[in-house]
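Here are my notes on the model you sent, written as numbered points. Please read them with the structure open beside you.

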Amino acid sequence: MFEAKKRYSRLSAAFSMLEVIFHMTAHNVRSTHTNAFMAIAINMIQIMIMLAVFYLMFSVLGLRGAALRGDFLLYLLSGIFVFITNIKAMSAVAGASSPTDPMMQHTPMNTFVAMVSSALGSLYLQILTISLVLAVYHMGFTPITIDQPVGAVLMLLLAWFNGVSIGVVFLALKPWFPQFTNIAKTVYMRANMIASGKMFVANALPFYMISMFNWNPLFHIVDQTRGFTFVNYNPHYTNWMYPLICSLVIVLVGLMGESYSRRHVSASWAARQ
C-alpha cells in the first residue's frame, strides 16, 4: 500500500533502463529455444533450406549465368542474409509485448524496452547465425572474399533497422486491428520473397522492371549489399540513402502510433487478439 519513491538522476535512470533492456534481450533470445545453440541451429536450417531451394531453382531454370561473376553461393547468401535479417526483425518487434501484457504491470518495464529488447535479440541471433554460416562455408568448402566487409555489415544493419521500423508500425496497429495486422505481416513477408530482389541483379533488369521494384527499400539494400560484397559489381540504379530515410520516417510514424495506442488501449482488448 505504501511505497517509498526514489529519485534517480538522468544518468542512473538511463543505466537502469539499459540493464532492463539487457535482461529482456537475453529473455527474448532464450524464448526462441531454451538452448541458445538450438536457436542458432534453427536459424541456420532455415537459411540452408532457402539456399537449397534457390540453388535448385537457378540450376533447373538455367539462370546461373544471370548472376554476378564470382562465387554463386555467396551471391545467393548475400540476398538471403539481408532478407532473413529484415523479416526476423520485423516479426520480433511486431510480436513484442503489448501495453496490456501482464509484464507491463512491473514498474521498470515499458513498451519501449519490449521493442528494443526484441529488436536486439533478433539482431544477436542473426549476426551469430550469419557469422557461423560464412565460417563453415569459408573453412569447409571454399575461401570467400568480401570486397568491402564494413559496407556489407552496415547494409545488414540497415536491413535490420528497416525491419524494426516496419515492425513498430505493425505493433502500433495490433491493438486496433489484430487480424488485419497478422495478414499484413504475412503479405509483407511473401511479397518481399520477390520484391526484395534477392533472386536477380538490378543492373541486369530492363528499365520498366526496375520501376516495379525501385519503391522497395529492401530492394535497394540487397543491391547495395552485393555492391559491397563483390569487387566487380557496381550498383547503378540503387542507393543506401533511400532506405535509410524511409526507415527513419517509418519508425517515427510507428513510434507516434504506438504512443497513441499505449495511451488509449484497454485491457479488455486482449480478448480480441
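**Notes on the predicted model**

1. Confidence. The protein averages a pLDDT of 81, and 78% of the residues score at least 70. The model is predicted, and these scores should be kept in mind when reading the points below. Among the elements, α5 has the highest mean pLDDT, 94, while helix α1 (residues 10-32) has the lowest, 66.

2. Overall make-up. The protein has nine helices and zero strands. Read from the N terminus on, its elements run α-α-α-α-α-α-α-α-α. Of its 273 residues, 45% count as buried. The accessible surface comes to about 15,100 Å², and carbon and sulfur atoms account for 69% of that surface. Take the contacts between residues at least 6 apart in sequence: 75% of them join residues at least 24 apart.

3. Helix α6, length. Helix α6 covers residues 178-195, which makes 18 residues. At 1.5 Å a residue the helix should span 26 Å, and its end C-alpha atoms are 25 Å apart, so the two values agree. After α6 comes G197, which has a positive phi, near 80°.

4. Helix α6, two faces. Which residues of α6 are buried? They are P178, T181, A184, K185, Y188, M189, N192 and A195. These residues cover an arc of only 140° around the axis, and therefore lie on the same side of α6. The face turned away from that buried side carries the exposed residues Q179, F180, I183, V187 and R190. As a worked case, F180 has a relative accessible area of 52%, and the cut-off for exposed is over 50%, so F180 counts as exposed.

5. Helix α6, neighbours. The buried residues of α6 pack against four helices: α3 (72-94), α5 (149-173), α7 (207-213) and α8 (217-229).

6. M193. This residue is in helix α6. Its relative accessible area is 27%, so M193 counts as partly exposed. Leaving aside neighbours within four places in sequence, M193 is in contact with F54, F83, K198 and M199. M193 and I80 are 113 residues apart in sequence, yet their C-alpha atoms are 9.6 Å apart in space.

7. N203. Where does N203 sit? Its place is in the loop between α6 and α7. With a relative accessible area of 25%, N203 is partly exposed. Not counting residues up to four places away in sequence, N203 touches Y233, N234, P235, H236 and Y237. For the pair N203 and Y237, the separation is 34 residues in sequence and 6.9 Å from C-alpha to C-alpha.

8. Aromatic pairs. How many aromatic pairs does a search of the whole structure find? The search finds six. One of them joins F177 and F180: the ring centres are 6.4 Å apart and the planes meet at 80°, an edge-to-face arrangement. F177 is partly exposed, at 47% relative accessibility, whereas F180 is exposed, at 52%. F213 and F219 form another pair, which is stacked, with 5.9 Å centre to centre and 25° between the planes. Both partners here are buried: F213 has a relative accessibility of 10%, and F219 has a relative accessible area of 2%. Elsewhere, ring pairs link Y55, F72 and Y75 into a cluster.

9. Helix α9. Helix α9 (residues 241-264) has 24 residues. From its first C-alpha to its last it reaches 35 Å, close to the 34 Å expected at 1.5 Å a residue. The buried residues of α9 are P243, C246, S247, V251, G254, E258 and S261. What covers them includes α4 (111-140), α5 and α8.

10. Points to check in the viewer. Start with α6 and look along its axis: the buried residues should appear on the same side, within an arc of 140°. Then compare the F177 and F180 rings, which are edge-to-face, with the F213 and F219 rings, which are stacked. Finally, go to the loop between α6 and α7 and find N203, together with the residues that N203 touches, among them Y233 and H236.

Terms used: Residues numbered from 1 in each chain as written. Predicted model: local features only at pLDDT ≥ 70, side-chain atom pairs only at ≥ 80, totals over all residues. Heavy atoms only, no water. Phe/Tyr/Trp six-rings, centres within 6.5 Å; stacked < 30°, edge-to-face > 60°. Buried < 20%, exposed > 50% of the residue type's maximum accessible area, 1.4 Å probe, protein only. Helix = DSSP H or I, 4+ residues; strand = E, 2+ residues; numbered from the N terminus. Expected span 1.5 Å × (residues − 1). Arc of directions from axis to C-beta. Contact = heavy atoms within 4.5 Å. Areas by Shrake-Rupley, 256 points an atom, 1.4 Å probe, with all protein chains shown as cover. pLDDT = per-residue confidence, 0-100.
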